[in-house]
Amino acid sequence: MLLYCEIVVNEANFVRKCIGAESCQDDLWGKLVCTNFKVSFISHNSLPRQCTHRLLGEHDIPLACVEQVVTVNDVKGKQKILGSNQKLKFNPTELILYCKDFRIIRFRFDEAGPESAKKVCLAIAHYSHPADPQLLFGFEYVGKRYHGSAGEQVNGVDPGGGMQTPLFDCSSDWDREIKRTGASEWRVCTINQGYFISPSLPEFFVVPVSLADQDLKQYACFFYSQRIPLWCWNHSSGSALVRMSNISDPQQQRKVEQRISSAITKSHPLRSDVFKSDLDKTLPNIQDIQAALLKLRQICVIDPFEESEEKWLSSLEMINDLLYSVWVCTENEDRDLSCVISCLVQLMCDPHCRSLHGFQGLIQKEWVMAGHRFLDRCNHLKKNDKEESPVFLLFLDCAWQLWNQYPAAFEFTDVYLTVLGDSMWVPIFSTFLFNCPRQRAENSRDFASSKSIHLGQDQALRFPPVWDWSQQFSLKDQTLFNNPLYVGKIATCVQNGTVKTFTHRRSKKNYSSTLRGLPSAFRNGSIGPNDTLARRNSLVLRLRSDLSQVREQQETPSERFIRDFFSRPVDLQGLLLPQLLPSHLSVWKLYFLRWVPEAQIPQGGPITTFHKLSVLTDEIEMLQNQLKQYKGAGGTPNNLHVEPSKMYFKSSSTPHQPPAPPEYLSSSFPFSPVGNLCRPGILGTPLSKFLNGAKIWLSTETLANETF
């Protein structure tokens, strides 16, 4: 099915999509189609449907997701990596697509016409390498779909309807965030309207009250890309998190830093000193992050699958992610790792950011509006490989590590995080398409002018944000985002036949004094040989045996804080610190291993736990609603209104017969369809050596007999 403005560029019939690694008996036959949006395989073979995407079919690959196009001729023993506007001197017998989401997909042309096979391969290579941002399908789609006629809907959905996530593209969103965090000594600044001061900053941002607009204009020229300090967030203690680029003029550095630091200090109730962290010196650069991803991809999809997790962990880059009193993150241009650090700090400290809309607003504020180079880092145009780096994926992985350690503290699931990572390769949404708000505005105006599109009051194409998930998934499929374990600020339960509400009690406001220095255990995200770190409810043996000696040593305030934190019960609505010992870290299997057959567990894996919890949660909520309505109706439970379930797996009408999970349920549900498990030459991996947490990986039948 084609989207609005989507056209077929080329196609080939009688193509075989390889499914099995050794034999072709499970392969699919059909038509391979290249459009201006995706590579599509149309087959008459019926396969089980999992989560249905409204923009992409079961066998569709967005062109932006294609990393490499490789053609092969078996007879001549030749292969070639195709780029844009290249020639192909041999007739391909096989096409291999290496995708950015770690898929490897193979097509065979044994029965297809040689000329049609060659043309479709060249078309895929050409259209997956656009030369200009305006050649991305999103421009054509948005230009016609959003601005074709007044009040037109997109895929049957009102473009602006039902959106609760703040976009931070107006001063009112920033005002609300200031009030939410209690940042009374900060204000919304408008000096960058029309991008007059800095081309990569948003038009509205937050600065200290004590800094006048005239001072900001004067200091802007001393910072790289004129990126003056930006307020990110305020803690309830009054401490603030600020990010900024480095100062480009060494002669003015001390003067400007003192003036900025003084203004930030005045914003703190106790006038705390500023703690400055230079991310360029303490964290890996974008090339290091890209190299780590390539190593991980090699382990996943190129080399034989490893038997243990040790090599996985060596490929992951850990980061420094603690907040003290008034913390300023500095980076040369403040557009990459500053985004990661500022988001992780807020994710650990602010429970609002662990809700669905809070998390989305966090990304919108710290990544999209702050000018992360999505176009370059995702390499949508495939022009400059040196600029490509999975910085946003690194953040999602870090967020998943925290989610994995404190699952009940997050409103969303790892399914949601995986979907969010995949959305980078669907270049229809503005969220992951541009390097900064100004680039979006300028390209929108230029495209609209060239296509004679009337923009009205917007003065720019109105790209949909990715946060309107109804454009990609049905309401039923969106329920996979809901975490049945989530403990929110307000929880309800039934006690002695009465519905009671329990609200988390906040401690009285305490203004923190300055804490200087990072514990050695968290420098560069690694544990030193002499470092100890207490685990919750079970201290590390080294710490337990020598506790008296540790207490006698001179502890810094930060080291004492961390030790005390991990020795007390967790507060899911308070501060969450990640545990960084190797035994606490694991691989985000649902994202990185979903296309690896050896890591698949049919009818098993964590999804079995999710299934059981979803059914139980849905049944409890249904009973609570019935009890509320029963009491409200004066004891007559007739004509009770049944609210839609928040869980993907609903409870059945008969409690003694819970619904069975779908036949195609697996540990990678809902991401790895049956038709995409294609990896040639694999011997297999002993699951006992690869998987940890044995109980959650049991089969559905065995798990059904377990007691939760």
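**Core packing and backbone geometry in the predicted model**

Proline 670 is located in the loop that connects α20 (606-632) with α21 (687-690), where helices (H or I, at least four residues) and strands (E, at least two) are DSSP runs numbered from the N terminus. The peptide bond leading from phenylalanine 669 into proline 670 is cis, with omega near 5 degrees. The model is predicted, and local features need pLDDT of at least 70, side-chain atom pairs count only at pLDDT 80 or more, and totals for chains, interfaces and linings use all residues. Residues are numbered from 1 along each chain as its sequence is written, and side-chain values use heavy atoms, with hydrogens and water left out.

The largest nonpolar core (a set of buried Ala, Val, Leu, Ile, Met, Phe, Trp, Tyr and Cys residues joined through side-chain atoms within 4.5 Å) comprises 171 residues, and those with the most contacts inside it are Phe359, Trp367, Phe392, Phe395, Tyr416 and Leu420. Helix α12 (residues 391-405) supplies the largest share of this core, 11 residues. When residues up to four places away in sequence are not counted, tyrosine 416 touches Leu356, Phe359, Gln360, Trp467, Trp469 and Phe481, contact meaning heavy atoms within 4.5 Å.

Positive phi values occur in two residues other than glycine, asparagine 85, near 60 degrees, and lysine 382, about 50 degrees. Asparagine 85 lies in the loop between β6 (78-82) and β7 (94-99) and is exposed, with a relative accessible area of 66%, whereas lysine 382, in the loop between α11 (374-377) and α12, is buried at 15%. Buried here means under 20% relative accessible area, exposed over 50%, and partly exposed in between (1.4 Å probe, protein chains only).
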